[in-house]
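Biologist: I am new to this structure and would like a close look at a single part. Please take me through the hairpin, then show me what else belongs to the picture.

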Amino acid sequence: MVEQVQAIVIGGGIVGCSILYGLAERGMTDTLLLEKNELTSGSTWHAAGNCTHFGHDAEITRLYVNSIRTYLRAQEESGQSVGFHKTGSLRLATTPDELASYERLVPIYKKLGIPYQVVSPQQIPALHPLMNCEGVLGAAHTPDDGHVDPTGATMAMAQSARARGARILQQHPADSIRRSATGVWEVRSNDKVFTTTRLIVATSFWAREMLAQLDIDVPLYALEHHELVTETHPDIAALGFELPTVRDPYVSGNVRQEGKGFLIGVYEKEPVAWNVDGIPPEFGRELLVPDLERLMPNLERCMWRFPAFAQVGIKVANNGPLCYAPDGFPMLGPVPGQEGLWLASGFHVGIGTGGGAGQFLSEWIATGKPPYRLACVDPARFAAPMDTQTAVSSILGHYAAGYATPPMDVAI
Ligand SMILES: Cc1cc2nc3c(=O)[nH]c(=O)nc-3n(C[C@H](O)[C@H](O)[C@H](O)COP(=O)(O)OP(=O)(O)OC[C@H]3O[C@@H](n4cnc5c(N)ncnc54)[C@H](O)[C@@H]3O)c2cc1C
């Protein structure tokens, strides 16, 4: 039996569920999400959940801003907690260029109505008493930042979409996709066939192989990404508030409070790509083997920056695959030359941008127009095929740069 629906989303991570929710909010509820395992099975379930308002690019900042708002709205609507901790963030400047670039962002945030200030090293101890400020010239302070529970945020959006009429089928892999002679998209899943005129691929690092069956080449690959959680530290336990997240170009990592200990996400200088020749078919809700030795240069700097970090043991070490595009931006929008086919994959900051991405794409699908200009994520930028070696070396270079300041667009 063939069933026709208004839209099909493939992939039940935070991005796919956010799109389903965004469509439902816009009145499109004859919709279906297909997930091959359970919701959040890919990268979403083990992410740290950091959400910032700090986007280095004026365009993409809107995705960050709209993400936290979307999660909180879904929480309100569904009753499912998204576990938001509003801790604020400090993004350290260790060079005059970094400091100047943060100062140039002040008018952007003013225009967006987002609290943002550049603080001096003398102001930092009041915000973060456990940090060694040596070599710090200042910091971008975004007080409305924080972290969410990625599973809670995904479930809140999924439940809100369902409550409005959208359907979610778990344990339903999209086994094949094709376009019929009439231009309708046909998706086979288990023993069922679904058709639609709007097909959205939100399958992260599975998207390249999925689209290859349509002879569409997308340069999305995965690399390994670590996060570590420490035991409780008495100085953190004694604080009367939760520490802000710190993004430090010197450590090349982000460090925040988790429980009464630290959580650190590390951007290695020599990152390792994961399965560039194809994702193993059996890969599902899994982690990779951690390699702490590789992280030592970052961890040593982290111990210097946060002396308390050196005094506690590491209780959790997660290594998970992370999807990346060669320029570090996701692929979000229509696939050129393929009417009705939309891409929403390649998110490496998918918790920080997933909520906003769902709002952006669903508005475009529902109204036929993007809500604002977001050229940096347009899939058309990779219309020309890119060989694996070029794509992967660009991805690794981008990742290794960590929090080094790229050029910024301060046009808005
Ligand atoms: C260690 C670590 C820490 C991180 N911390 C943060 C953080 O603090 N903040 C942040 O913003 N980001 C963080 N990330 C990144 C974040 O996890 C991802 O950007 C985000 O989860 C991507 O969401 P997604 O929906 O695009 O992909 P996924 O969550 O991977 O979802 C894709 C889904 O598609 C499904 N799928 C695949 N193929 C098919 C098919 N054929 N049919 C049906 N379904 C299919 C998969 O099962 C999966 O559920 C972290 C990542 C890692 C590895």
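Modeller: Start with two strands, β21 and β22. Strand β21 covers residues 331-334, and strand β22 covers residues 341-345. They pair in the antiparallel sense, over four bridges. One of the matched positions is easy to find: Met 331 has Ser 345 in β22 as its bridge partner. Between the strands of this hairpin lie six residues. Look there for Gly 337, which takes a positive phi near 75 degrees. Keep in mind that this is a predicted model.

Now follow the chain on to the ligand. The shell around the ligand has 37 residues. Those that come nearest are Glu 35, Thr 44, Phe 347, Gly 350 and Gly 352. Several elements supply at least two residues of the shell each. They are α1 (14-25), β15 (221-230), β20 (314-324) and α10 (350-367). By type, the shell divides into 16 nonpolar residues, 18 polar and three charged.

Next, the polar contacts. A polar side-chain atom of Thr 44 sits 2.5 Å from an oxygen atom of the ligand. Ile 351 uses its backbone instead: an N or O atom there lies 3.0 Å from a ligand oxygen. For Gly 42, a polar backbone atom is 3.3 Å from an oxygen atom of the ligand. How much of the ligand does the protein bury? Taken alone, the ligand exposes 1000 Å², and the protein buries 96% of that.

Other strands also deserve a look. In general, strands of a sheet pair through backbone hydrogen bonds, either parallel or antiparallel. One open sheet here has four strands, in the order β1-β13-β12-β11, with mixed pairing. Its edges are β1 (2-4) and β11 (176-179). Each has a single partner strand, so one side of each is left without a neighbour in the sheet. Neighbouring strands of this sheet are turned by 25 degrees against each other on average, direction ignored. Strand β1 runs parallel to β13 (residues 192-196), and three bridges join them. Val 2 stands opposite Val 193 in β13.

A further open sheet has three strands, in the order β4-β9-β5, and its pairing is antiparallel. Here β4 (50-51) and β5 (85-86) stand at the edges. Both have a single partner strand, so one side of each lacks a neighbour in the sheet. Two bridges join β5 to β9 (residues 146-147). His 85 has His 147 in β9 as its bridge partner.

Finish with the aromatic rings. The structure holds 17 aromatic pairs. Take Phe 262 and Phe 309, one of them. Their ring centres are 5.9 Å apart and their planes stand at 70 degrees, so the pair is edge-to-face. This pair links distant parts of the chain, 47 residues apart. Phe 262 belongs to strand β18 (residues 261-266). Phe 309 sits in the loop between α9 (292-305) and β20. That brings us back to the ligand, since β20 is among the elements that supply at least two residues of its shell.

Terms used. Residues numbered from 1 in each chain as written. Predicted model: local features only at pLDDT ≥ 70, side-chain atom pairs only at ≥ 80, totals over all residues. Heavy atoms only, no water. Near = heavy atom within 4 Å. Polar contact = N/O pair within 3.5 Å; in protein donor to acceptor, adjacent residues only side chain to side chain. Areas by Shrake-Rupley, 256 points an atom, 1.4 Å probe, with all protein chains shown as cover. Nonpolar A, V, L, I, M, F, W, Y, C, P; charged D, E, K, R; others polar. Pairing = 2+ DSSP bridges. Axes fitted to C-alpha atoms, helices over the stretch in contact; angles between N-to-C directions. Phe/Tyr/Trp six-rings, centres within 6.5 Å; stacked < 30°, edge-to-face > 60°.
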